[in-house]
Amino acid sequence: VIMTRGAGSDQAHFDVTGKWINPATRETGLALVADSARSAAVIGTWDFFDHEGVSRRYSIEGVHWNEPDVEAEGAIFETTGGGASTPSAELINLSQVSSSQLGMARITFNGRDCARIFALGFGGNVLFTSNLVRSTF
């Protein structure tokens, strides 16, 4: 377990910005953008294929750092409709796209290049989870 922010600070101790993937499937893609130099601000997108092969798209917003400094948490929203599960932006009909909050996302960092993400329902139940490693590409 490592520190991800400095003591008494709400800023990340190291930069978590980048693409994170599930090493087992290579199909889970978490992209994080953090402003670790100036604030605690972190936003993320999480794209993966469910057990039926359907592409799922999520955003993680309002992220805050929890004690003991290895965990970030924020609201998780699912985007659906309008062709949002297709890879081509040209096929997305924005008038049919909707977003709804599923609960919370919790990212536990086990090092600079290793993490685990949980999607938690409003009651705290685990909806789904994924192991992650920082991608080198």
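**Notebook: an eight-strand chain**

**Entry 1. Asn22**

I started at a side-chain pair: Asn22 and Ser130 are joined by a polar contact of 3.1 Å between their side chains. I note here that the model I am reading is predicted. I then looked up where Asn22 sits, and found it in the loop between β1 and β2, the latter spanning 29–34. Is Asn22 buried or exposed? Its relative accessibility is 13%, and the cut-off for buried is under 20%, so Asn22 counts as buried. I also checked the backbone around this side chain. A polar atom of the Asn22 side chain lies 2.8 Å from the backbone nitrogen of Ala24. My picture of Asn22 is therefore of a buried loop residue whose side chain has a polar atom 2.8 Å from the backbone nitrogen of Ala24 and a polar contact with the side chain of Ser130.

**Entry 2. The chain as a whole**

I stepped back to count the elements. The protein chain has eight strands and zero helices. Read along the sequence, the pattern is β-β-β-β-β-β-β-β. The chain has 137 residues, and buried ones make up 38% of them. The exposed area comes to about 7500 Å², with 55% of it supplied by carbon and sulfur atoms. I also looked at how far apart in sequence the contacting residues are. Of the contacts between residues at least 6 apart, 39% join residues at least 24 apart.

**Entry 3. From β6 to β8**

I followed the strands towards the end of the chain. How do β6 and β7 pair? They run in the antiparallel sense over eight bridges, with β7 covering residues 114–121. The hairpin joining β6 to β7 passes through two residues. Within this pairing I looked up Met104, which stands opposite Leu120 in β7.

β7 also pairs with β8, again in the antiparallel sense, over seven bridges. Here Arg116 stands opposite Asn131 in β8. The hairpin of β7 and β8 has four residues between the strands, and in it Gly124 takes a positive phi near 90 degrees.

I kept one general note beside these pairings: in a regular strand, side chains alternate between the two faces of the sheet.

**Entry 4. Aromatic pairs**

I searched for ring pairs next and found four aromatic pairs in the structure. How are the rings of Trp20 and Phe109 placed? Their centres are 5.7 Å apart and their planes stand at 70 degrees, so I logged the pair as edge-to-face. Trp20 belongs to strand β1 (residues 18–21) and Phe109 to strand β6 (residues 98–111), so the pair links distant parts of the chain, 89 residues apart. Trp20 has 0% relative accessibility and counts as buried. Phe109, at 1%, also counts as buried.

Another pair is Tyr58 and Phe128, which is tilted, at 5.4 Å centre to centre and 45 degrees between the planes. This pair too links distant parts of the chain, since Tyr58 is in strand β4 (residues 55–66) and Phe128 in strand β8 (residues 126–134), 70 residues apart. Tyr58 is buried, with a relative accessible area of 5%. Ring pairs also bring in Trp46, giving a cluster of Trp46, Tyr58 and Phe128.

**Entry 5. The nonpolar core**

Which residues of the largest nonpolar core touch the most other members? Of its 21 residues, they are Leu30, Leu32, Trp46 and Phe109. At least two residues of this core come from each of β2, β3 (42–49), β4, β5, β6 and β7. The largest share is four residues, and β4 supplies it. I set a general remark beside this: in soluble globular proteins, nonpolar side chains tend to be buried together.

I took Leu30 as a case to trace. Apart from neighbours within four places in sequence, Leu30 is in contact with a set of residues including Trp20, Trp46, Ile60, Ile107, Ile117 and Leu132. Trp46 is thus on three of my lists: the ring cluster, the core members with the most touches and the contacts of Leu30.

**Entry 6. Glu71**

My last look-up was Glu71, found in strand β5 (residues 71–80). Is this residue buried or exposed? Glu71 counts as buried, at 18% relative accessibility. Its side chain and that of Thr108 are joined by a polar contact of 3.5 Å. Leaving aside neighbours within four places in sequence, Glu71 is in contact with His64, Trp65, Asn66, Arg106, Ile107 and Thr108.

Definitions and conventions:
Residues are numbered from 1 along each chain as its sequence is written. This is a predicted model: local features need pLDDT of at least 70, side-chain atom pairs count only at pLDDT 80 or more; totals for chains, interfaces and linings use all residues. Side-chain values use heavy atoms; hydrogens and water are left out. Buried means under 20% relative accessible area, exposed over 50%, partly exposed in between (1.4 Å probe, protein chains only). Contact means heavy atoms within 4.5 Å. Accessible areas come from the Shrake-Rupley method with a 1.4 Å probe; for residues, only the protein chains shown count as cover. Rings of Phe, Tyr and Trp (its six-membered ring) pair if their centres lie within 6.5 Å; planes under 30 degrees apart count as stacked, over 60 as edge-to-face and the rest as tilted. A polar contact is a pair of N or O atoms within 3.5 Å; within protein, one must be able to donate a hydrogen and the other to accept it, and residues adjacent in sequence count only if both atoms are side-chain atoms. Two strands pair if DSSP finds at least two bridges between them. A nonpolar core is a set of buried Ala, Val, Leu, Ile, Met, Phe, Trp, Tyr and Cys residues joined through side-chain atoms within 4.5 Å.
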